[in-house]
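Reader: I have a structure on my screen and would like to walk through its sheets and its interface. Can we start once it is shown?

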Amino acid sequence: MRRILLHHNYYKRYYGYTKKRYGDYIAAAYYILSQNGGVRFAGQEEWFRADRGGKFSWDFLKFKNIPLEAVDASETLMNYDGLDNLVPLKELKYLYMNHCPHIDDWCLSRLHVFQDSLVELSLAGCTQITERGLAALHHLRHLKHLDISHLDRVADKGLVCILLEEMLPHCEIIGMSTEDGLTSLTDESKLAKIRVQNVSDT
Amino acid sequence: MNFASVAVFRKIRPPDFGCMVRITACISPYNNFSRSISTSKLLCKQEDVFKDLEKEFVKFRQKVKDVLPGSNWTPFHVTPGLPPERADIVIVGGGVMGWSIAYWLKKKEMIRDAVRVVVVERDPSYSRASTVLSVGGIRQQFSMPENIQMSLFGCSFLRNINEHLGVVNEEPIDIQYNPCGYLFVANESGATILEENYRIQKEEGAKVVLLTPTKLKEKFPWVNTDGVALASYGLENEGWFDPWSLLNAFRRKALSMGVYQCFGEVTGFKYSTREMVTSDGEPVVFKRIHHVNVQMPDSKEYQPVECALVVNAAGAWSGKVAEMAGIGTGLPNSVDAVKLPVEPRKRFVYVFHSPDGPGLDCPLLIDYTGVYFRREGLAGNYIAGLSPTEEEEPSISNLEVDYNFFHEKIWPDLASRVPTFENLKVKSAWAGYYDYNTFDQNAIIGPHPLVNNMYFATGFSGHGLQHSPATGRAVAELILDTCFKTIDLSAFSFGRLCYGEKALERNIV
């Protein structure tokens, strides 16, 4: 873990130079590509990704002052310090962070910088996130899609889903339903128990 | 050891083989009629011996093991839980501050076991300790840069808590951090101070934003913005967490690094005095603490621990501990006469339920009247409190809760600020002590000018928990490096009490 963080810190220092020379967008794109993620610039259809060997083409350098619109950091080792590279992206609309093992509640509290632009956010399978971190997503006013499937550490999924729907009324929440945690009433034996209880109460 | 062999003869008694000899004498072939058929005492003894022989052998083996070196047995009775006779640093008080200092001392020592640290705590159940009764908030919205820096460090410490306080083969630490932010609401008269504080906070790197009443209403529709001129909202690194987990994490890590823990009460110090004269010709009494008397719980027995330094992290009772060292007793108008101005102040925290209250996005809202509340859990429960004025200070003799205080002082302001709280129901409440600094409600960190080997880390007046990692590091730096290396906390020195210079913190809750 320490080595991974040092690894990230090393990359952060290097990107200071990249930022000055090429700008924030290129620096962020370089960071994501070297973590084996994907980026897409505004107005473009194709995604820049690294291949299996970790190599990526340097064509993205052509888009020097074009904002980054979509970042796919799924299954990367991105953490709180790595988000430093993404924080300057003021026009980021789509952020996918599926199955990132180091994304936790503290990282979610940093996402408030995207409050004016973020439209889609995906946190599926990030095992360190709890319902407390999900409360920090209330800043994202324009969020339309939120994917929170397979979050194992979230307790009371049904209740959390209801509270999130109240918090973000215009957002579609995928991966958690309000029926999670409720027992089904179609089971005859359970219905019988409830009937007997009602009789004894009256 | 010679007396061990004496004890061997007294303690070890092999199973009673003597009776067997007697039995064989009885059953001799020449005594046909003297053999008794009924169950005589001797025959019973014989059966007993054979029945219990296994147990007797086990006892015998245990006694032999005790006598051999490597066992805990000594011929004299040693009271369990006594502190060591000699230590380098004795920390009075086992709350989050005391354990944080112990951890940082062990972390910063250059050689393993270079310093022997003993933490003395009076109450193993922590029933009256301020740490565990705290609401557990962490914020950067202070007016002093030092406080902001300490909170920022506290946040980065808590974020990487498993790196700092993780122990091999133990479960990872979860402090249950809620990143919901603090929202300070100010009226007309408080708006300028809020803006000034905001400027200082931005300079130090805190992520805070100012909200006008319209923006506030947009963000939090459940707030009633009547009377609100300005609000300041913390975006990152602000929220609340579980203080008990932090305390246990510090304690577990410090114990694993070799800190001695002792449950006992510090009842006095043995110090030597030296009459000296300052450069102005003023006579002062220079004291040096040599022993700390630690009394065992429920007993008159005490152990004088010989020590080099004493750290006063006793929280609400630091004033009493300082008096034991003779601080505050002296000729009036001299440095000797300056007492440690820390006293316990009781504060109530009420838990209530409101069905239509603010949802997941509810921050810790602090009104300009002083009333604060925050969400607790997911089921519509909230926690609220208020610091009473000087005249209304409740008695500190016990931790009983006064529910009238809530109904008279807190509920009206709560209901006017958040209209949905009009139909709330109080579920329960608790009370805890603030280690209140009556001089300027800010921390006192550093050595005493005359009792030079007593260091203070107290007087936080309600924001000690969030400053505990930074203070622990600062005191460890003072002790081991003799000066502050990371955050300069010389503004909190004891000297300011002598000169009468207040280091006022304007944002006290």
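Reader: Which strands of chain B does helix α12 lie across, and at about what angle does it run to β13(B)?

Author: This is a predicted model. Helix α12 of chain B spans residues 403-417. It lies across β4, β13 (342-353), β14 (364-366), β15, β16 and β17 of chain B. Its angle to β13(B) is about 60 degrees.

Reader: What is the strand order of the open sheet of eight strands in chain B, and which strands stand at its edges?

Author: The pairing in this open sheet is mixed. The order is β5-β6-β4-β14-β15-β16-β13-β17. The end strands each have a single partner, so one side of each lacks a neighbour in the sheet. Those edge strands of chain B are β5 (208-211) and β17 (425-437).

Reader: In which sense do β15 and β16 of chain B pair, and what stands opposite B:R374?

Author: β15 covers residues 372-376 of chain B, and β16 covers 381-385. Five bridges pair them in the antiparallel sense. Opposite B:R374, in β16(B), stands B:I383.

Reader: Which strands does helix α8 of chain B touch?

Author: Helix α8 takes in residues 188-204 of chain B and packs on the sheet. Its direction makes about 155 degrees with that of β5(B). The strands touched are β4 (182-186), β5 and β6 (230-234) of chain B.

Reader: How many strands form the open sheet of chain A, and why is one side of β2 and of β7 left without a neighbour?

Author: The chain A sheet has seven strands in the order β2-β1-β3-β4-β5-β6-β7, with mixed pairing. β2 (48-49) and β7 (172-174) of chain A each have a single partner strand, so one side of each has no neighbour in the sheet. Both stand at the edges.

Reader: What area do chain A and chain B bury between them, and which three residues of chain A supply the most?

Author: Together the chains bury about 2,200 Å², 61% of it on carbon and sulfur atoms. Three residues supply 33% of the area chain A buries against chain B, more than any other three. They are A:W106, A:R132 and A:H138.

Reader: How many salt bridges cross the interface, and which partner does A:R110 have?

Author: The rule finds three salt bridges between chain A and chain B. In the one formed by A:R110, the closest N and O atoms are 3.9 Å apart. The cut-off is 4 Å, so this pair counts. The partner of A:R110 is B:E236.

How values were computed. Residues numbered from 1 in each chain as written. Chains lettered and ligands numbered in written order. Predicted model: local features only at pLDDT ≥ 70, side-chain atom pairs only at ≥ 80, totals over all residues. Heavy atoms only, no water. Buried area = accessible area lost by both parts, 1.4 Å probe. Salt bridge = Lys/Arg side-chain N within 4 Å of Asp/Glu carboxyl O. Pairing = 2+ DSSP bridges. Helix = DSSP H or I, 4+ residues; strand = E, 2+ residues; numbered from the N terminus. Contact = heavy atoms within 4.5 Å. Axes fitted to C-alpha atoms, helices over the stretch in contact; angles between N-to-C directions.
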